[in-house]
Amino acid sequence: MKENYFVDERGFYGEFGGAYVPEILYKCVHDLQEAYLPIIESAQFKEAYHALLKDYVGRPSPLYFAKRMSEHYGCQLYLKREDLNHTGAHKINNTIGQILLAKQMGKTRIIAETGKMLGAEVHPVRTGNMTLSDACSEAIRDWCCHPADTFYIVGSTMGPHPYPDLVARMQSVISEEIKWQLEEKIGRDYPDYLIACIGGGSNAAGTIYHYVNDERVKIVLAEAGGHGWETNHTAATIHKGTTGILHGAKMLVMQNEDGQIEEAFTISAGLDYPGVGPMHCNMAKKGRTEVLSINDDEAIYGGYELTRMEGIIPAIESAHAIAALKKLNFKPTDVVVLTVSGRGDKDVETYLNNKLMAKEYGNF
């Protein structure tokens, strides 16, 4: 029987997923499980969602043929330009969708694990290591205190069911566009390779969504190796993690022998998470995806390479995906689609401060 990598009726991807939540949140999560599909599959929701994606976000994002890098790597490389979205990344696809869902469910208070100066009241996290994982924990604590009126917008394919499926569906606009854009450009709607960076897994899920069960397409994901996945300074969860429960779902987690969460380490703030979404855990375990560990120096070099060869400054998260190209062997006929998940404005100082690291890794 052909493998199906999507979520089952219990909220699991193989052995991963589920909804492990405190009793006070059970009704909130159950209500969301019951409501999300009828709402997001309704004509009313789709009309409002796609109108905002077009007129506010600026979709469709271009599929750009990277001529110089194609010649350099001996393939036909196309870049899916999520960096050109409003706010500069793929995250807004999911944010827009979940806020519409929250309104349909009658929720009047929104929380998230990250915030910007767009009207949000930002509470700095002072607990733990003050990283993304700690922010997620604080958001869940807040949710427990305000279960009736609050909607927690989860930013990635993690959290209790149905969040991994919900976020993947919101981000699937990426692969939906890739299909018709490739058809226009090369006369077929699938690539030979899909490449994306992966932390929690939202841009990766969106990139691969319509190709998950298409065995013609090789899927390569780049996770943050930090100083090396064999070291204690890494965020390479698929390489180093073991099965555990984190933020409401069973997934691969970086943890010690006692089950205590270990700090993830990477130069990339957006990949600094000690777990990875259950969809990706299942696909990696079953061999559907090839997951590469990209170290900090490799990522910095990849960012400089794309900037100098194509005039595109990627987010350091996206630079991990660029760095994966060096680790793969292509044929000249291979069509490769790589998602540039975010723009690098926020990371220019980090690039400049680590220029020597990139020079030591490879020749400029």
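Alanine 43 belongs to helix α2 of this predicted model, and because its relative accessibility is 64%, above the 50% that marks the exposed class, alanine 43 counts as exposed. Between the C-alpha atoms of alanine 43 and aspartate 345, which are 302 residues apart along the chain, the separation is 37 Å. That distance can be set beside the extent of the whole C-alpha trace, which spans about 55 × 45 × 45 Å along its principal axes.

The protein chain as a whole is built from 14 helices and 13 strands. Its radius of gyration is 19 Å, close to the 21 Å that the globule rule gives for 364 residues, and the chain is therefore as compact as a globular protein of that length. Of the 364 residues, 55% are buried, and among the contacts between residues at least 6 apart in sequence, 74% join residues at least 24 apart. On the outside, the protein chain exposes about 16100 Å², of which carbon and sulfur atoms supply 51%. The chain carries 36 positive and 47 negative charges, and the mean positions of these two sets are 4 Å apart.

From helix α2, which covers residues 43–57, the path to strand β3 at residues 63–65 leads through a loop that contains proline 60, and arginine 59 lies in that loop between α2 and β3 as well. The peptide bond from arginine 59 to proline 60 is cis, with omega near 5 degrees. This deserves a remark, because most peptide bonds are trans. Arginine 59 has a relative accessible area of 6%, which is under the 20% limit, so the residue is buried. Leaving aside residues up to four places away in sequence, arginine 59 touches Leu53, Lys54, Lys80, Glu82, Asn85, Asn93, Val173, Ile174 and Glu177. By contrast with these contacts, isoleucine 294, which is 235 residues from arginine 59 in sequence, is 29 Å away from it in space, C-alpha to C-alpha.

Further along the chain, threonine 87 is placed in the loop between β4, residues 76–81, and α4, residues 91–104. Threonine 87 has a positive phi of about 80 degrees although it is not a glycine. Its relative accessibility of 31% falls between the two cut-offs of 20% and 50%, and threonine 87 therefore counts as partly exposed.

The next stop is a pair of strands. Strands β5 and β6 run parallel and are joined by 4 bridges, and one of the bridge partnerships sets arginine 109 opposite threonine 150 in β6. Within β6, which covers residues 150–153, Thr150 and Tyr152 point one way while Phe151 and Ile153 point the other way, and all of these residues are buried. Alanine 112 lies in strand β5, which covers residues 109–112, and at 39% relative accessibility alanine 112 counts as partly exposed. Not counting residues up to four places away in sequence, alanine 112 touches Ala139, Tyr152 and Ile153, and Tyr152 and Ile153 point in opposite directions from β6. Cysteine 136, which is 24 residues from alanine 112 in sequence, is 7.8 Å from it in space, C-alpha to C-alpha.

Beyond β6 comes a loop that leads to α6, residues 163–171, and proline 162 lies in this loop. The peptide bond from histidine 161 to proline 162 is cis, with omega near 20 degrees.

Later in the chain, strand β9, residues 242–246, and strand β10, residues 249–253, pair in the antiparallel sense over 5 bridges. The two strands form a hairpin with 2 residues between them, and leucine 246 stands opposite alanine 249 in β10. Which residue in the turn of this hairpin has a positive phi? The residue is histidine 247, whose phi is about 50 degrees although it is not a glycine. Such a value is worth pointing out, because most residues other than glycine have a negative phi. Histidine 247 lies in the loop between β9 and β10, and since its relative accessibility is 9%, under the 20% limit, histidine 247 counts as buried.

Notes:
Residues numbered from 1 in each chain as written. Predicted model: local features only at pLDDT ≥ 70, side-chain atom pairs only at ≥ 80, totals over all residues. Heavy atoms only, no water. Rg over C-alpha atoms; globule rule 2.2 N^0.38 Å. Buried < 20%, exposed > 50% of the residue type's maximum accessible area, 1.4 Å probe, protein only. Contact = heavy atoms within 4.5 Å. Areas by Shrake-Rupley, 256 points an atom, 1.4 Å probe, with all protein chains shown as cover. Lys, Arg positive; Asp, Glu negative; His and termini not counted. Charge placed at Lys NZ, Arg CZ, Asp CG, Glu CD. Pairing = 2+ DSSP bridges.
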